[in-house]
Amino acid sequence: MSPDSRAPVTRGGPSPLARLPRSLARALAPPTWPGTVERPLPRRNVGTEYDTSWSRTPAARFARALVTDNLTRPFVRLVADPTVIGAEHLDPLRGPVIFAANHSSHLDTAIVLSALPPRYRHRCVVAAAADYFFDRRWKADLWSLTLGTIPMERARVNRRSVDLAAELLESGWSVVIFPEGGRTPDGWGQEFRGWTAYLAKRCGVPVVPVHLHGVRPIFPKGGNRLHPGDVEVRFGAPLRPLDAGAPAGPRAGRHREEDARRFGARVEQSVAALADEAETDWWSARRRAARGETPDLRGPDAAPWRRAWSLPESRRSTGNGRRRTPSAPW
Amino acid sequence: MSPRPGFVLEVDRSTPPTLFWHGEGWRLERLPVGSRVVYPPEPFPALAEPDAAIRHALEHPVGDSSPLSSLLRPGAKVTIAFDDVSLPLPPMRGPDVRQRVVEAVLDTAAAAGVDDVVLVAALALHRRMTDDELRHALGSRVFDAFAPHGLLLQHDAEDPDGVVHLGCTDQGEDVEINRRAAESDLLVYVNINLVAMDGGHKSVATGLASYKSIRHHHNVRTMQQSRSFMDRHHSELHSSNWRMGRLIAKAGVKIFQIETTLNLDTFPSQFSFLQKREWEWSLRDRATFHATSTALEHTPAAMKRQIFQSIRSPHALTSVHAGEVEAVHDLTLADVHRQQLVHVEGQADVLTMGLPYICPYNVNSIMNPILVACLGLGYFFNLYRGKPLVREGGVCIMSHPTPWAFNPVHHPSYIDFFEQVLAETVDPLEIEAKYEESFATDPWYVHLYRTSNAYHGVHPFYMWYWCAHALQHLGQVIVVGGDRAAVRRLGFKPASSLADALEMAEDVVGRDPSITHLHNPPLFLADVT
Amino acid sequence: MREVLVERSLPRFAAARAAAALAGAAGGVAVAPLRLAEREQRPLPGPDWHHVTPLLSGICGSDLSTVDGASSRYFEPIVSFPFVLGHEIVGMVDDGPLAGSRVVVEPVLGCLARGIVPPCPACAAGRKGACERIGFGHLAPGLQTGYCADTGGGWSDGLVAHASQLHRVPDELADDAAVMVEPTACAVHAALLGAVQPGERAVVLGSGTLGLTTLAALRHHAHPGALLVVAKHPVQREMAAALGADQVVRPDELERAVRRLTTSLALARGRSTSRLTGGADVVFDCVGSSSSLASSLAVVRPGGRVVLVGMPGTLHVDLAPLWQREIALLGAYAYGAEQTPDGVRSTFDLAFELVAAAGLERLVSARYPLERYQEAVRHAGNAGRRGAVKVVFEIGRATSPAWRGRGPAPASPAPANPAPASPVPANPAPTSPVPANPVAANPTPESLETNA
């Protein structure tokens, strides 16, 4: 009855022509691995394992210099318009240093790089969170090329990362570090991690305290839009571990030196003094620093709302901010 | 020049056509000679230094209350409740009054070292506010200090652990309010008294209450006995709230009430013709009127809504009082009356009104037919003291496009109420008896109220009860220029023009009826003798 | 004799389909291979067959599908061209022992009519709709009168029917009521198949003839806790309310109404609310389109049942909900015998009772003479919009005016069929189907008595 009812009954599915695409695909597919043969594990080239040495080849450095001067700096000028204060502290410096800055925004790296004098700007690496900037291969490639990042583990001192940083310092590169280990969640500072001081001591390089003021309102953690504003970048006087004027030999009076923890605290205090200066003025900040009354970067020890309420930047944002009406579903 | 009070115009042959609001737009209508038009008073001047006035009020409370700073001490548990998105209308240009007051309160609290502070939006059974709306009402500083830490809450009337039963009044009314507020050492309530209905004990007893408690005064019987609910001394709604408020005070809840009043400066200056008398329209006003009217005719409905909903009113603070609830409210009420009261002699056979695009329940949303009914018959009809502007058995003519349109996120239960309940009956008593409970307890509405931005399942019923007094009083309701199917579903009569509506009204009230037009908004309160 | 003949012409069916896609239901009537033909009176296919002159003959949704070329090609082997449409027939028997009786034709052509001995198990049990010998026997293939080349159909002034297909109409039942018996039988069958338990919530989707009769059948034979009916047009809404729907809603209100009724939750997709998590216990889809089936699946509860009452074709429906919610999808075709509390009863008997009890004659809303068949079909295709439910042909009324209280009607002009023209010889066993089968032994009197 149906037109096909007289077609011959045969075995085999569709015609060879109809099967062509599939047979083609099958022919070109990678061969399957025999179950009896052991498979090697794939090499992981992300996180702290990621090898950044390619990004310090002359070609990559040249590319980065182009990006920094032609994209990064104009962009930073556009959204943050940084005013650099205290650049004179950098003038006498020669050779590698560690820049230790407070951290509140993704923009911080770009702003610090833009504010550095050219001799440091083009010969420095940025310690960046391995779990954030190096978790995917493409991110690792992108950031090492454009910002010169090296992977650093935030929570603990990872031998490999620290060795790499030390190696770079010793070969003449400077390192930008955000000792807080992450952007501030609420506007107040977090505790400085130990590796800044450790590195400085191990390599005998000075630490330059840096304070970035006004970046958080532009692009805070969790923000999804840029709100352009003005930023101040303050460099403080370089700090060296006390009694470590001479290059620290392997046995050079270890017991007499200021230990890493104390030195770290001093770095933090210097950044806090810069912050105080940003809020008030240089003179009163200096006097408070002398009296040991510099306000703590980490804010008051009170309920979250009072910490937020006493945040210096909140007092300036009394306006009702974004005045967007919610998009309606009609 | 001091602001002129409101007045009643008698239409003569030289009177220019009268402005009628018509949803997202306007109509110019020629009222018959002899009709009366009630105009609102002009806006009072704003307080010169609002922040200083607020701080002064906090430190010089009225009634039996100490200054705020002396009520705050370290370790105290403080809750600040504030009016929700339904006030003021249209939403005011920033900074909002609530922001000013809350910041002043928080500064005091921070100075006193109070750690345990929580903010609660007193939304009763209204929809939850969006983050943007909260940010607008409270300002970024407050929002950013509280919201990220989960300290900016919205009252949840359906949270079994979030409300506490404080007892019953002598009339057997359950009083059940927000637990956090009830268990705080100090409850600060930040109010905006836009109309005479707001504030007083209603702030806490309704704004922070549960359905179990609210149903005692939000019902047909109460609403029919509230004449009007804008007149607290003749409003059963308020009597019930006052009984509850006194019980709350007796239960030991310490309330520091802060009430504010705004002037009638309702629309931005580019729309100044909306609050001017027609014969005083300048060339610029006339040009704006015609340009906007023509443009709006060719604008899609959704875009019109977006344009109008983005209007921010220039309302300004005219007074602020703080302290004990009743003492504060008496002063506030006097201030509201000073600004809003207009004396009107005698009732009319026909009351006409133009309904604007906004009512308390469709901020950033769609004004659906139920809200149209509620704005006209609930709010505008009740804007009287003494007796209604229209006689018993008279006709009310409202002008609004009344589209058959609902916002599914904000008003889910309204859709079902309109499709199912009103299709069957429009009698408030029957609706209350037959359907209220099933809507109030529907788990889906409860879920949406608690987690989304939906009005509570029972809310459309309240809108209808709000109309109960008018429905009982009026002989007929006519809607000019509305969607016919929607208007008929409401039980009203559709008319295509005001002239037709007046002809239809004559069938009910007889030939040559007396007509009063409510030239509203800006809102005012008619004192009818 | 005149009859509306459907011939096999794929291009013209394709054209009809295209026309219907443009112009809506029944849009294909002008181009479909359909014509009003003149022909000799049909020969009787065998013994126990009789000539029947239709009085009223309904236009069914499946007829419209045929006209619009929208019927599934599934039916190809079980229809035989050319056929005459029409299977909702009340008519007058012209010859044989029942001559002059007013009858309703039960159109399904089972083993009995096909002279198959012994009948298949389904037919033996009276479930003719489930016949397993459909397309065999001495008749040309055809699942029903109206799709079979040998029997003719209702849209004519003469057809042949087997004695087992005839149900005598009680005198007090008017023609309008009688013509509703066949569709009502479908509805009764579907309603009983849906097995709505007392208190269960049922939804009837569609308020055409099938929807309304299904609604009536549910009111009569089940005790649903709530009966929600979807009706598009005002007349349908009024009818649905009159026939006992608890709630009548528009199609776009369905999901919300079911959600309210069952106080179900819903999953919000984006910012709108949709996809119920609960739903109705049983849904009767009396439309049979992709969208109606999708709606049915959307409003039935997990573990619920969807009964497909309207005739579907090739549908494009997402069956993920069917799978995930373990929904039973039941087809409800035709009729036969039903298990009732009073024992097994013929569906037609139940339908006769229901038509009388529910006054279903009110559904007949327009009559046309055969000559104006195109107009009639167009009216039927837009019945709801044009304020009608059932559109019928009024055919034999004038030629047999006096049926009430009369004895045998005047003999039809051609009672003696010329034997040579009959296709009977082609059949191997035409002569003695009777003794082989106890059901077939006495089919006619049984069905007639129960109807009386």
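In chain A of this predicted model, the buried residues of helix α8 pack against a mix of strands and helices: β2 (98-101), β4 (149-152), α7 (159-170), β5 (174-177), β6 (207-213) and α9 (260-279). Over in chain B, strand β10 (residues 186-193) is mostly covered, and it pairs with strand β5 as well as with strand β11. Here is a quick tour of both elements.

**Helix α8 of chain A**

- Helix α8 spans residues 195-203, and it is largely enclosed by the rest of the structure because seven of its nine residues are buried.
- If you would like to find those buried residues, look for A:Trp195, A:Thr196, A:Ala197, A:Leu199, A:Ala200, A:Lys201 and A:Cys203.
- Just after the helix comes A:Gly204, which has a positive phi, near 65°.

**How strand β10 of chain B is covered**

- Eight of the eight residues in β10(B) are buried.
- The cover extends to both faces of the strand.
- One side carries B:Leu186, B:Val188, B:Val190 and B:Ile192, all buried.
- The other side carries B:Leu187, B:Tyr189, B:Asn191 and B:Asn193, and these are buried too.

**The strands that pair with β10 of chain B**

- Strand β5 of chain B (residues 77-83) pairs with β10(B) in the parallel sense, over five bridges.
- Along this pairing, B:Val190 of β10(B) has B:Phe82 standing opposite.
- Strand β11 of chain B (residues 255-262) also pairs with β10(B) in the parallel sense, over seven bridges.
- Here B:Asn193 has B:Thr261 of β11(B) as its bridge partner.

Terms used: Residues are numbered from 1 along each chain as its sequence is written. Chains are lettered from A and ligands numbered from 1 in the order in which they are written. This is a predicted model: local features need pLDDT of at least 70, side-chain atom pairs count only at pLDDT 80 or more; totals for chains, interfaces and linings use all residues. Side-chain values use heavy atoms; hydrogens and water are left out. Buried means under 20% relative accessible area, exposed over 50%, partly exposed in between (1.4 Å probe, protein chains only). Helices (H or I, at least four residues) and strands (E, at least two) are DSSP runs, numbered from the N terminus. Two strands pair if DSSP finds at least two bridges between them. Contact means heavy atoms within 4.5 Å.
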